[in-house]
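Biologist: Got a minute to walk me through this one? I'd like to start with a single side chain and work outwards.

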Amino acid sequence: MPTSRPPQRPPRLALSALDALAGAVLLVDAERHIVGATSALETQLGAPVREGVPLAELLSLQGGAERLDTLLTPGREATVKLRAGGTVRVRATTLGKDGWALTFRQDTSPLSLEGAEVFHGLWTQDAELRRVFRIVEKVARTESSVLVRGESGTGKEHIAHALHELSARGKGPFRAINCAALPPNLLESELFGHVRGAFTGAVRDSPGHFRLAHGGSLFLDEVAELPLDLQAKMLRVLETRTVIPVGGRAPVPVDVRIIAATHRALRREVEAGRFRADLMYRLRVVPIFLPTLRERRGDILPLALRFLDEQHQRGSRRVERIAPGARKLLESHGWPGNVRELRNVMEYAYVIGEGPVLREVDLPPEFSEAKALSSAATGTTGATLDEDQVRAALTRAGGNRSEAARLLGVSRVTLWRRLRALGEAAR
């Protein structure tokens, strides 16, 4: 009979430290065998955890070794099934050459699904975004410059952090600057630094973001907004790996990986004469395109519920479900602000609404207005108006029935008849 392998236990310090921070922890060695578990984890699983057995015997993973590789990537959280039954959330922390510490927590999300993934703050079950995650993991192992393309609110800075943390520079500094947030003269100083006396108010030397990011990564958000004169200086920095502070003369060596982001197509900016082609080729070695929220509509409702759960952690209201009318509005909305907009909408709905059900009336006013326009365009009749629609319009109109009828795209008489059918007293 085969003999069981002796477990190679990670340093005791690592176990005690993680046990104090996270309760339900499983320790896995470099060969992916279980070497220890906290009592909190065994309580959560309802059974003792055997040391020396492969991790795959505890978890039910579709995709085999490849899925296990994905699960053991630091900075990610995934929903997995236990072979003994039940679903849990698992997050990996590397212990270097000793293996990993896996933090377990029960998955209480009402719409949690097998295969959902958290990658450095980005949650999805969408195949396209998960494909982007795999690209990020590959690119992070290189020193190539990366350009992240995506609309506002799609998570460009999360991707930048992931590229940094998964790279060999992960222990170095990470600096970020929004190139559209500062005027050109101040932006130059922020990027390259300045010497004392370089301009009025420069009472001391300032290193600038390039020097502060030495040995790490610099994230240039909205890089398409760089003025042309600064683009020339940026190109020189990338070519010579040195910076000259404003007012200075001597170049200072810098070792920085550039991660840039923009919501614009740099090729079009080059064609329009607003961006240098040579700088574009320097920054756009590896382009990464983030899908919009409207392109991953299967994520809308699960994300909405997760954001509501975050609100519940800070407040007293517990939202258990979203009414069908509100779900339809959320799923059909254009989401120009993407995930950031969805988070804000859920915070608004949590604060404004009451009770365990999120209704249409809880959503911001633009949702009722959009529905009214849609109803008017399609010729909605009073009989098709549900109670949530009517109440939302009346709330938006401050109780004025004429205005509510206008918002709903029906006549005042039609609204009056619908109110009577819903049991409302005519006024």
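Biologist: So, Y348: how does it count in terms of accessibility, and why?

Modeller: Y348 counts as partly exposed, because its relative accessibility is 32% and that class covers values from 20% to 50%. Bear in mind that this is a predicted model.

Biologist: Which element is Y348 in?

Modeller: Y348 sits in helix α13, which covers residues 338–352.

Biologist: And what surface patch does Y348 help make?

Modeller: A nonpolar one of about 280 Å², made by Y348 together with V351 and I352.

Biologist: Does helix geometry have a say there? What's the rule of thumb for residues three or four places apart?

Modeller: An α-helix has 3.6 residues a turn, so residues three or four places apart point the same way.

Biologist: OK, zooming out. How many helices and strands are in the chain?

Modeller: There are 17 helices and 17 strands. The chain has 427 residues, and 46% of them are buried.

Biologist: What about the surface, how much of that belongs to carbon and sulfur?

Modeller: 51% of the accessible surface, which comes to about 21,400 Å² for the chain.

Biologist: And the contacts, what share join residues at least 24 apart?

Modeller: 63%, counting contacts between residues at least 6 apart in sequence.

Biologist: Switching to the sheet. What's the strand order in the five-stranded one?

Modeller: The order is β10-β11-β14-β9-β15; the sheet is open and the pairing is parallel. β10 (174–178) and β15 (286–289) each have a single partner strand, so they stand at the edges with one side lacking a neighbour in the sheet. From one strand to the next, the twist averages 20 degrees.

Biologist: Which helix packs on that sheet?

Modeller: Helix α4, residues 127–140, touches β9, β14 and β15, and its direction makes about 155 degrees with that of β15.

Biologist: Let's do the pairings. How many bridges join β9 to β14?

Modeller: Four, between β9 (residues 146–149) and β14 (residues 257–262), running parallel. V146 is opposite I259, and V148 has A261 as its bridge partner.

Biologist: And on the β15 side of β9?

Modeller: Four bridges there, again parallel, with L147 standing opposite P287.

Biologist: Now β11. Are its residues buried or exposed?

Modeller: Buried, five of five. S217, F219 and D221 point one way, while L218 and L220 point the other way.

Biologist: What does β11 pair with?

Modeller: With β10 over five parallel bridges, where F174 has S217 as its bridge partner. β11 is also joined to β14 by four bridges, parallel too, and L218 stands opposite I258 there.

Biologist: Last topic, helix α6. Which of its residues are buried?

Modeller: In α6, residues 184–192, the buried ones are L187, E188, S189, L191 and F192.

Biologist: What do those buried residues pack against?

Modeller: Strands β10, β11 (217–221) and β12 (242–243), plus helices α7 (208–212) and α8 (228–240).

Biologist: And what follows α6?

Modeller: G193, which has a positive phi, near 85 degrees.

Note on methods. Residues are numbered from 1 along each chain as its sequence is written. This is a predicted model: local features need pLDDT of at least 70, side-chain atom pairs count only at pLDDT 80 or more; totals for chains, interfaces and linings use all residues. Side-chain values use heavy atoms; hydrogens and water are left out. Patches are made of residues with over 30% relative accessible area and no salt bridge: like charges are joined within 9 Å, nonpolar side chains (Val, Leu, Ile, Met, Phe, Trp, Tyr) within 5 Å. Accessible areas come from the Shrake-Rupley method with a 1.4 Å probe; for residues, only the protein chains shown count as cover. A salt bridge is a side-chain nitrogen of Lys or Arg within 4 Å of a carboxyl oxygen of Asp or Glu. Helices (H or I, at least four residues) and strands (E, at least two) are DSSP runs, numbered from the N terminus. Buried means under 20% relative accessible area, exposed over 50%, partly exposed in between (1.4 Å probe, protein chains only). Two strands pair if DSSP finds at least two bridges between them. Axes are lines fitted to C-alpha atoms, for helices over the stretch in contact, and angles run from 0 to 180 degrees between N-to-C directions. Contact means heavy atoms within 4.5 Å.
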